[in-house]
Amino acid sequence: MPRRGLVLAVLLPALLAGCTAGPSKRPPVVENDEPVSSAPASSATDVPLPPLTEPRSPGLDWADCDAQTRNRLGAEAPGYLRFSCGTVMSTLDDPALPGRVQTRVSVLKAGNGAIPLVVVNDVAGEPGTLYAARLASVLPPALLQRFSLIGVDRRGTGESDPLSCVPEDTRSQLLNQDPADDDLEPLLDAARKAGQQCAIDLGGAQQAFDSWRTAGDLEEIRGELGVPKLHALAHGEGSQVLISYAARFPDRVGRFVMDGIPDPSSDTVTVLGDLAAAQQATLDAYGRAVGQDAAATVNAVVERLRAAPQVLPGGAVFGAGTALRAVVTGLADRTRWSELARALDAGRAGDVRGLAAFVSPMLNGSDVAPSRLDATLATECNDTVVRMPADQIAGLTTQLRGRYPVFGGLVTQRLAWCLPWPARTESLPTLGTSGLPPVLVTSTLTDPVTPETGTVRAAQQIPSAVRVAWQGAGHGALGSPCAAEAVRAFLVDGKVPADGTLCPA
């Protein structure tokens with residue numbers, strides 16, 4: 001497959017002031033999707049929310065991309081929305097590279113609000129431009145009257161000099177390892193091939209993909225937008241980019257919203273155990289919602305594929321591992337639960353086309369739509385310091401598989417993915433940056449990607465964080481009208497909710 005994007009770039013260098021609401025002993029409960037007012041018990045920070053300042057002398061040129069974006073969405077967007085696209089050039093920012101090598105960052109503007117709100121998605125999810133366009137369709141229209149969403153395709157993703165260094169057959173091997181298989185060698189072999197090929201293709205840029213350097217891209221974007229403070233919203237793992245930004249540029253932090261945060265604990269056993277438990281809990285919630293015996297259905301599909309894996313168009317093998325990844329992807333997006341139910345029912349009968357659609361963006365790659373796996377592998381491995389030896393990975397896999405039979409063997413596989421990857425030598429960004437304005441964190445009770453337990457641990461380490469807890473299921477709380485209204489009030493009105501505010505499912 002032809003490689004383009006960042007490889008070429010390497011070769012061709014080229015929220016109104018307010019007071020915080022501190023934690024109270026009893027969290028307020030939301031009734032009828034309206035937050036109950038609650039006086040703060042104490043002040044979490046002395047720094048007020050920055051005022052909303054309209055751009056001055058922006059340098060970013062926008063081009064109309066309304067028709068193309070509506071086509072990408074695959075669903076009707078509200079008529080009041082308009083979409084524009086642009087490009088920002090950012091420094092690759094890697095000490096191993098000579099000079100100031102540039103990389104292209106693709107951005108999309110959704111809506112016409114005067115204040116830009118930068119949007120960052122999970123690196124493994126939809127490109128940020130597409131995620132922002134979709135998010136603009138569900139957020140309160142009053143938010144879009146004040147803000148325009150600026151979706152960012154993170155470095156290596158979407159149209160931002162996309163990363164394409166993992167061979168297609170290796171992608172299939174990485175994704176399709178059977179979690180019930182005790183032999184890790186095939187997975188480790190695939191991880192070695194991926195790491196070696198990326199090292200060859202990227203050279204000194206191999207470690208230039210991480211949240212810390214992506215935060216530098218956001219600083220370039222802030223400058224091009226012409227605003228003194230960065231107002232931003234991050235989804236899931238994308239929150240690590242905002243955490244890095246706060247550590248690097250604390251005086252430029254505006255109104256930040258983090259919709260789920262990865263668990264910052266260094267206890268790998270606990271973190272992965274909580275992840276497997278959250279995936280199981282989400283599967284149970286999904287089963288109740290669609291009226292399906294979810295665990296039995298998933299197990300039936302997986303057992304069928306263990307006996308007879310299928311080969312997809314293009315040659316990728318669709319077996320037990322890929323099927324479970326498809327299920328997790330479907331569980332993360334509550335709007336696709338009906339689609340997942342149909343795909344699983346078809347899978348029991350031997351038709352895996354519906355399930356394959358959930359993982360196709362990871363498996364398949366082209367110049368037009370690059371695989372999401374390559375940038376995910378690079379970013380997640382560069383964002384971690386610890387490399388667990390293979391025998392310990394095997395032992396942990398056995399342990400978690402015993403506790404969580406459906407997903408316990410799946411959650412440990414990314415440890416093997418990163419084992420051959422160069423270990424990060426820099427320290428990880430701290431969550432404890434002091435002197436920040438209030439940061440709004442939303443959590444979801446049953447989140448299969450960023451479990452609520454991990455988001456709580458992270459929020460407790462952010463001195464100025466206040467948390468709104470949605471009692472629902474799926475990845476991210478912004479699908480809740482209650483949580484979305486709390487975000488609108490925070491961003492637009494500068495209203496900081498009481499820490500621990502509950503939103504009903």
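Here are some exercises on this predicted model, each with a worked solution.

Residues are numbered from 1 along each chain as its sequence is written. In this predicted model, local features need pLDDT of at least 70, side-chain atom pairs count only at pLDDT 80 or more, totals for chains, interfaces and linings use all residues, and side-chain values use heavy atoms, with hydrogens and water left out.

**Exercise 1. Find the strands at the edges of the open sheet of 10 strands.**

Step 1: Helices (H or I, at least four residues) and strands (E, at least two) are DSSP runs, numbered from the N terminus. Two strands pair if DSSP finds at least two bridges between them.

Step 2: Write down the order, which is β1-β2-β3-β5-β4-β6-β7-β10-β11-β12, with mixed pairing.

Step 3: β1 (63-64) and β12 (501-503) each have a single partner strand, so one side of each has no neighbour in the sheet. These two stand at the edges.

Step 4: Now look inside the sheet, where β3 (residues 102-110) and β5 (residues 147-152) run antiparallel and are joined by 4 bridges. Ala110 stands opposite Leu149 in β5.

**Exercise 2. Work out how the buried residues of helix α17 are arranged.**

Step 1: Buried means under 20% relative accessible area, exposed over 50%, and partly exposed in between (1.4 Å probe, protein chains only).

Step 2: In α17 (residues 452-461), the buried residues are Glu452, Gly454, Thr455, Ala458 and Ala459.

Step 3: Their arc, taken from the directions from the helix axis to the C-beta atoms, is only 155°, which puts them on the same side of α17. Here is the general idea: an α-helix has 3.6 residues a turn, so residues three or four places apart point the same way.

Step 4: Their cover includes β10 (439-446) and β11 (465-473).

**Exercise 3. Describe the surroundings of Glu237.**

Step 1: Place Glu237 in the loop between β6 (230-235) and α8 (239-248).

Step 2: Its relative accessibility is 12%, so Glu237 counts as buried.

Step 3: Contact means heavy atoms within 4.5 Å. Beyond its neighbours within four places in sequence, Glu237 has contacts that include Asn121, Arg154, Pro262 and Thr450.

Step 4: Val123 is also in contact with Glu237, and the Glu237 side chain reaches the backbone nitrogen of Val123 at 2.8 Å.

**Exercise 4. Explain what the salt bridge between Arg155 and Asp217 ties together.**

Step 1: A salt bridge is a side-chain nitrogen of Lys or Arg within 4 Å of a carboxyl oxygen of Asp or Glu. The structure holds 26 of them.

Step 2: For Arg155 and Asp217, the N to O distance is 2.8 Å. Arg155 lies in the loop between β5 and α5 (168-176) and Asp217 in helix α7 (residues 211-225), so the pair ties together parts 62 residues apart in sequence.

Step 3: Check the accessible area: Arg155 is buried at 2%, and Asp217 is buried at 2%.

**Exercise 5. Classify the ring pair of Tyr245 and Phe249.**

Step 1: Rings of Phe, Tyr and Trp (its six-membered ring) pair if their centres lie within 6.5 Å; planes under 30 degrees apart count as stacked, over 60 as edge-to-face and the rest as tilted. This rule gives 3 aromatic pairs.

Step 2: The ring centres of Tyr245 and Phe249 are 4.9 Å apart and their planes are at 50°, so this pair is tilted.

Step 3: Tyr245 and Phe249 are both buried, and ring pairs link them with Phe256 into a cluster.

Technical notes. Polar contact = N/O pair within 3.5 Å; in protein donor to acceptor, adjacent residues only side chain to side chain.
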